[in-house]
Every structure is written in structure tokens, then in C-alpha cells.
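Hello,

Here is the structure I promised to pass on. Please open it first, then read my notes below.

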Amino acid sequence: MVIDMNNDTCIEELINGLNMGKIAIDHLVDKIENRKLKEIAVHQRKNYDDLKEKIESELPVWGTC
């Protein structure tokens, strides 16, 4: 099955996915005992933040999502 999405829908889904990833990491990071794995999760959380900020700065209408 092929779903035809317009650009607005794709951007909205991307931001929703980034938000879900950030929330998941926020809920789990304090429970991670392995130092290296915790560092990776924190780094990934930052990457999600950076990408979301880039999207919102280049497409200001999405800054309210």
C-alpha cells in the first residue's frame, strides 16, 4: 500500500517522531545503568533537539508544533 503525503504532512510526521523519541529517552535515561549506553541515549536526545530546531527555524510555521 502506498500512502501519498504532501510536504506538510511529512514535516508534521517528522516532528511528531522526533518528539516521541525525545520523550522516550527522557523516560528511560535515568534507568540506564551502562555508562556508555546512557551517553549514547543523551547524545541521541540532543540530535533530536538539534534536528527539530533546524526544521522549526527553516520552516517557522512548524515552530508551534
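At what angle do helix H1 and helix H2 pack, and how far apart are their axes? The angle is about 150°, and the axes lie 9 Å apart. H1 covers residues 7–28, and H2 covers residues 35–58. Angles over 145 degrees count as roughly antiparallel, so H1 is roughly antiparallel to H2. The crossing of H1 past H2 is left-handed.

One caution before the rest: this is a predicted model.

The overall picture

The chain has 65 residues. Its secondary structure consists of two helices and zero strands. Of the residues, 22% count as buried. The accessible surface comes to about 5300 Å². Carbon and sulfur atoms hold 57% of that surface. Now take the contacts in the chain with a separation of 6 or more. Of these, 54% are between residues 24 or more positions apart.

Where the helices meet

From H1, the residues in the contact are Ile11, Leu14, Ile15, Leu18, Asn19, Gly21, Lys22, Ile25 and Asp26. H2 brings Ala41, Gln44, Arg45, Tyr48, Asp49, Leu51, Lys52 and Ile55. By type, the residues of this contact are nine nonpolar, three polar and five charged.

Three residues to look at

Start with Lys22, which sits in helix H1. Is Lys22 buried or exposed? Its relative accessible area is 12%. Buried means under 20%, so Lys22 is buried. Set aside residues up to four places away in sequence, and Lys22 touches Arg45, Tyr48, Asp49 and Lys52. Those four residues are among the H2 residues that meet H1.

Next is Ile25, also a residue of helix H1. Ile25 has 15% relative accessibility and counts as buried. Which residues does Ile25 contact, leaving aside its neighbours within four places in sequence? They are Ala41, Gln44, Arg45 and Tyr48. Arg45 and Tyr48 also touch Lys22. Along the chain, Ile25 and Arg45 are 20 residues apart. In space, the distance is 6.6 Å, C-alpha to C-alpha.

Last comes Ile11, again in helix H1. Ile11 is buried, at a relative accessible area of 16%. It is one of the H1 residues that meet H2. How far apart are the C-alpha atoms of Ile11 and Leu59? They are separated by 9.3 Å, while the two residues are 48 residues apart along the chain.

To recap, H1 and H2 are roughly antiparallel, and Lys22, Ile25 and Ile11 are buried residues of the contact between them.

Best wishes

Technical notes
Residues numbered from 1 in each chain as written. Predicted model: local features only at pLDDT ≥ 70, side-chain atom pairs only at ≥ 80, totals over all residues. Heavy atoms only, no water. Buried < 20%, exposed > 50% of the residue type's maximum accessible area, 1.4 Å probe, protein only. Contact = heavy atoms within 4.5 Å. Areas by Shrake-Rupley, 256 points an atom, 1.4 Å probe, with all protein chains shown as cover. Axes fitted to C-alpha atoms, helices over the stretch in contact; angles between N-to-C directions. Parallel < 35°, antiparallel > 145°, perpendicular 65-115°, else oblique. Left-handed = near helix turned anticlockwise from the far one by under 90°. Nonpolar A, V, L, I, M, F, W, Y, C, P; charged D, E, K, R; others polar.
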